[in-house]
Structures are given as structure tokens and as C-alpha cells.
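Me: I would like to go through the charged side chains of this chain with you, one residue or pair at a time. Could you reason through each case before you name the result?

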Amino acid sequence: MIIDSLVNASKSFAVHELFEKAFDYINSVNLETIEVGKYEIDGEDLRAIVSDKNGVPAADSVAKFECHDKHIDIQLCIRGNEQIGWKPRNSCTAPKNDYNPEKDVCHYGDTPDTFFNLTNQQFAIFFPDDVHAPMIAVDDQPIKKMVIKVKL
């Protein structure tokens, strides 16, 4: 997992060949005015999902504690204050279901080891070994975020 601010995004470019293109896309759009929806950046290799909604209680997010096998998530908080739970996949012992290849998701019944907050222009990068519980409400304000799915 990587946690940082957009101003430091270039430090992650060497981690994956598509990260530079992902952050170029982020920098090419007006984050304040981009509409909620799905955006193709580079075919199936890079796509963005923008949401703008209230966060959920921690228990609701942890109930969907997830990780992915075929994609890396770059989760950018555009506006608001989002809490995210995290635990390394190799420490998880309670799979809730088999891996779903169509949705590229596996859920766990474990509890996160740690929680952290993202706020304006901060991002987290989750690799397949990072089980995460996003969109936890910190306050009553909506969270506008972009998730970029980076194909492995």
C-alpha cells in the first residue's frame, strides 16, 4: 500500500508502468467539476470511477472488506474526509466467499489492523495483497472520490 498526496504522485511512477498515465489523467481533468460516473482512460487497462456521496458507518464498510486479484486501486479523495481500514491479505484468516473473477473481488470477515484518513488531494494505492474497507464516514459531509482501476 502507498499513501501520499497528489503533489508527490510522481514518486510512484516506477512502481507500475501505468501509474504515470493514471496520474496524468487525474491531472488532466477538473476534479471539482468532474461528474459522477465511469470513465475509460486506456481501454480495459485503466478506468476511473467517480463518486460523490456520504460515507458509511465503519461496520458497513468492514462487512465488505475487500481485495482484488487483477487490478490495483488508486483511490483519490477529491473532497471530504474518508477513513479506510486496511490489513495485509496474508494476515486474513476469514474469507467470506470465493474469489469472484467477474467482479475481481474477494471479501474477508476479518477486522482491519489499522485505519487511516484521506482528505483533499490525498490518495492510497491498494495492491492485491491489501485488503481494504473504504468510504468510512468521518463526518456528515459527502466524500467525492475517484478510484482508478489499474490492470495488472
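The exchange below concerns a predicted model, and it turns to one aspartate and then to salt bridges.

Me: Where does D110 lie, and is D110 buried or exposed?
Reply: D110 is in the loop between β7 (106-107) and β8 (114-119). Since buried means under 20% relative accessible area, and D110 has a relative accessible area of 7%, D110 is buried.

Me: Which backbone nitrogen atoms does the side chain of D110 reach at 2.9 Å?
Reply: The residues that D110 touches, leaving aside those up to four places away in sequence, include V62, F65, K87, T93 and A94. Its side chain reaches one backbone nitrogen at 2.9 Å in T93, and another at 2.9 Å in A94.

Me: How far apart are the closest N and O atoms in the salt bridge of K149 with D73?
Reply: Side chains of opposite charge can pair when their charged atoms come close. K149 forms a salt bridge with D73, and the pair links strand β11 (residues 143-151) to strand β5 (residues 71-79), 76 residues apart. K149 counts as buried at 12% relative accessibility, and D73 is buried at 1%. The closest N and O atoms of K149 and D73 are apart by 2.7 Å.

Me: Which residue forms a salt bridge with K21?
Reply: K21 is partly exposed, with a relative accessible area of 39%, and its partner is partly exposed at 25%. The closest N and O atoms of the pair are 3.1 Å apart, and the partner of K21 is D42.

Methods:
Residues numbered from 1 in each chain as written. Predicted model: local features only at pLDDT ≥ 70, side-chain atom pairs only at ≥ 80, totals over all residues. Heavy atoms only, no water. Helix = DSSP H or I, 4+ residues; strand = E, 2+ residues; numbered from the N terminus. Buried < 20%, exposed > 50% of the residue type's maximum accessible area, 1.4 Å probe, protein only. Polar contact = N/O pair within 3.5 Å; in protein donor to acceptor, adjacent residues only side chain to side chain. Contact = heavy atoms within 4.5 Å. Salt bridge = Lys/Arg side-chain N within 4 Å of Asp/Glu carboxyl O.
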